[in-house]
Amino acid sequence: MGMKALFADDAYLSTCEATVTGIREDGGIELDQTCFYATSGGQPGDTGFFERADGTRIRIEGTINGATKAEIIHLPAADQPAPDIGETVTLHIDWDRRYKLMRLHTACHLLSVVCPYPITGASIAEDDARVDFDMSETIDKAEVTEKLMALVEANHPVYIEWISEEEFEANPDIVKSKNVRPPRGLGRMRLVCIGDQATVDSQPCGGTHVSETAEVGQIHIGKIEKKGRENRRFRIRFGEMPA
Ligand SMILES: [Zn+2]
């Protein structure tokens with residue numbers, strides 16, 4: 001089914017209209033298009049609600065992919081009414097939550113610039129993001145925070161560029177993730193670029209990001225944990241670094 005993932009081209013789209021195309025056995029709702037991001041790449045799926053023509057609401061408590069990335073399933077909270085196939089609904093993302101996720105997700109990209117080591121894992125929550133690096137060096141969290149904030153304050157543009165798989169084959173080193181390879185066979189690949197002409201960074205990623213680094217705002221490294229001899233787990237949090 002030709003479902004349009006509107007968040008891939010416009011991360012700031014917090015609302016849109018859509019037509020219900022399917023209801024799954026478990027109650028999951030499928031639409032012809034959506035602004036709800038589906039859990040992927042360490043970023044949790046969107047929550048929010050669907051507004052029906054009569055003004056009543058269907059609360060959505062999660063969004064996930066189906067068998068493929070092309071399938072996006074909206075998970076209603078318990079005891080919500082099921083919409084009809086063909087019904088038009090207006091989608092509303094819980095924008096405060098999503099915007100925090102966009103800010104912290106973008107901060108993870110900046111951290112991978114400050115710490116240029118292979119990434120072994122990442123997970124983003126509303127008020128805390130963690131990134132695991134394959135590294136054995138000890139590094140000072142105040143110094144990392146300072147470098148991160150310099151990138152934030154420089155207010156670099158953040159933008160999407162689509163490249164062909166052939167272009168990617170010619171330059172596979174842009175992938176920083178050690179275990180996760182970007183999805184193939186789609187003909188094109190989505191790159192998240194930071195800085196004019198991607199001078200700061202470019203990285204395959206399907207998530208949602210802010211459009212300039214200043215929007216990340218004040219962040220700091222809350223903790224650097226040693227997870228094994230060659231693994232360091234960084235935690236990014238909002239606000240000033242506690243004294
Ligand atoms: Zn990303």
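## Strand E8 and its partners

Along strand E8 (residues 88–93) the side chains take turns: Val89, Leu91 and Ile93 point to one face and are buried, while Thr88, Thr90 and His92 point to the other and are not. Buried means under 20% relative accessible area, exposed over 50%, and partly exposed in between (1.4 Å probe, protein chains only). In a regular strand the side chains alternate between the two faces of the sheet. Strands (E, at least two residues) and helices (H or I, at least four) are DSSP runs, numbered from the N terminus.

This is a predicted model: local features need pLDDT of at least 70, side-chain atom pairs count only at pLDDT 80 or more, and totals for chains, interfaces and linings use all residues. Residues are numbered from 1 along each chain as its sequence is written, and side-chain values use heavy atoms, with hydrogens and water left out.

Which strands pair with E8? Strand E2 (residues 15–23) runs antiparallel to E8 and is joined to it by 5 bridges. Here Ala18 stands opposite Val89. Strand E5 (residues 48–51) is also antiparallel to E8, with 4 bridges. Glu51 has Thr90 in E8 as its bridge partner. Two strands pair if DSSP finds at least two bridges between them.

## A four-stranded sheet

An open sheet is formed by 4 strands in the order E9-E10-E15-E14, with antiparallel pairing. E9 and E14 stand at the edges with a single partner strand each, so one side of each has no neighbour in the sheet. From one strand to the next, the twist averages 15 degrees. E9 and E10 share 5 bridges. Ile119 stands opposite Phe133 in E10.

Two helices lie across strands of this sheet. H1 crosses E9, E10, E14 and E15, running at about 140 degrees to E15. H2 lies across E14 and E15, at about 145 degrees to E14. Axes are lines fitted to C-alpha atoms, for helices over the stretch in contact, and angles run from 0 to 180 degrees between N-to-C directions.

## The nonpolar cores

The largest nonpolar core has 32 residues. Such a core is a set of buried Ala, Val, Leu, Ile, Met, Phe, Trp, Tyr and Cys residues joined through side-chain atoms within 4.5 Å. Leu111, Phe133, Val144, Leu148, Ile219, Phe234 and Ile236 touch the most other members. Elements giving two or more residues include H1, helix H2 (141–153) and strand E12 (188–194). H1 gives the largest share, 8 residues.

What does Leu148 touch, not counting residues up to four places away in sequence? The answer is Ala107, Leu110, Leu111, Val114, Ile219 and Ile221. Contact means heavy atoms within 4.5 Å. A second, separate core has 13 residues, among them Cys16, Val20, Ile29 and Ile93.

## The zinc site

Which residues hold the protein donors of the zinc ion? They are His105 (NE2), His109 (NE2), Cys205 (SG) and His209 (NE2), lying 2.0 to 2.2 Å from the ion. Donors are N, O and S atoms within 2.8 Å of the metal (3.2 Å for Na, K and Ca); water is not among the atoms, so sites may look incomplete. The site is tetrahedral, with angles of 98 to 125 degrees among the 4 donor atoms. Four donors count as tetrahedral if all angles lie between 85 and 135 degrees.

Along the chain, the donors follow the spacing H-x3-H-x95-C-x3-H. His109 in helix H1 (residues 95–114) and His209 in the loop between strand E13 (201–204) and strand E14 (219–226) are 100 residues apart, so this pair links distant parts of the chain. Both His109 and His209 are buried.

Key:
Four donors count as tetrahedral if all angles lie between 85 and 135 degrees; four count as square planar and six as octahedral if opposite donors are over 155 degrees apart and all others between 65 and 115; anything else is irregular.
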